[in-house]
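Good morning, and thank you for coming. Please look at the structure as I go through a few of its surface features.

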Amino acid sequence: YNVVWDKSDNALEFADNAVAAFGNGSDLTITHDTTNTHIRNNTGTLNLRADSVRLTDAVIGHVYLAAATGGSTDLYYDNSKKFETTSTGATLTGRLVSDGLDVGDSESIRFGAGYDLEIYHDGTNSIIANTTGPLIIRDQSATRIHTDFFVVNNFVNDENLILGYVNGAVELYYDNSKKLETTSYGAKWTGILLGADNQQ
């Protein structure tokens, strides 16, 4: 009584909560309660086999996912493509928000239309490579080349190498001891100043 062949609709109709079960142990079931539809696979892999697949809304007006044999797999937001796999990797349209980004040795992050800025680690050294124009370091609020406080420390962050202050000094250190400091009138150093021939 809850599964009916309706010849007028040319359809096999399942009432709410009626279950279509497949497999000796009802391993695959399809059912609709009064609100939601459920496809449940209890064993093995659920394979959806087609040369082209699209996941859309009920009237095929908005695409959520599209994939094709020998082509890309695409993800959409509000019918606008945001992610697309390619033969070389993937293309993202928009901003990526992540809890972290890990790349291996000699795998780079590249910026610019001509990949003018590249950041990577070659297994021994960490490298920032800029191939055009100046490399400018600034904070988000600055309009040009200033950062309010610039620090270069050692890896464990317990020794200063270089310190720079907006409208103030630039300091150079040796073994965490300040040796050279710029001032409003020039510069001052601590210790012995040697020339190229090691003469004072």
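A nonpolar patch of about 730 Å² lies on the surface of this predicted model. Its members are Ile137, Phe150, Leu161, Ile162, Val170, Leu172, Leu180, Trp189 and Leu193. Which strands each supply at least two residues of this patch? They are β15, covering residues 160-165, and β16, covering residues 170-174.

Let us take one member, Leu172, which sits in strand β16. Is Leu172 buried or exposed? Neither word applies, because its relative accessible area is 35%, and the term "partly exposed" covers values between the 20% limit for buried and the 50% limit for exposed.

Thr182 belongs to strand β17, residues 177-183. With a relative accessible area of 31%, Thr182 is likewise described as partly exposed. Along the chain, Thr182 and Gly164 are 18 residues apart, and their C-alpha atoms are separated by 9.6 Å.

I turn now to the largest pocket. Its volume is about 350 Å³. The residues that line this pocket are Phe83, Thr86, Thr88, Gly89, Ala90, Thr91, Leu92, Leu96 and Leu101. Two strands, β9 (80-86) and β10 (89-92), each contribute at least two residues to the lining. Which element gives the largest share of the lining? That element is β10, with 4 residues.

Finally, what classes of residue make up the lining of the largest pocket? There are 5 nonpolar and 4 polar residues, and no charged ones. Gly89, one of the lining residues, may be unexpected in such a count, since Gly is placed in the polar class here.

Note on methods. Residues are numbered from 1 along each chain as its sequence is written. This is a predicted model: local features need pLDDT of at least 70, side-chain atom pairs count only at pLDDT 80 or more; totals for chains, interfaces and linings use all residues. Side-chain values use heavy atoms; hydrogens and water are left out. On a 1 Å grid over the protein atoms alone, a cavity is a set of points where a 1.4 Å probe fits but cannot get out, and a pocket is an open set with protein on both sides within 12 Å along at least five of seven lines; lining residues have an atom within 4 Å of a point. Grid points are joined across faces, edges and corners, and a volume is the space filled by probe spheres set on the points. Patches are made of residues with over 30% relative accessible area and no salt bridge: like charges are joined within 9 Å, nonpolar side chains (Val, Leu, Ile, Met, Phe, Trp, Tyr) within 5 Å. Accessible areas come from the Shrake-Rupley method with a 1.4 Å probe; for residues, only the protein chains shown count as cover. A salt bridge is a side-chain nitrogen of Lys or Arg within 4 Å of a carboxyl oxygen of Asp or Glu. Buried means under 20% relative accessible area, exposed over 50%, partly exposed in between (1.4 Å probe, protein chains only).
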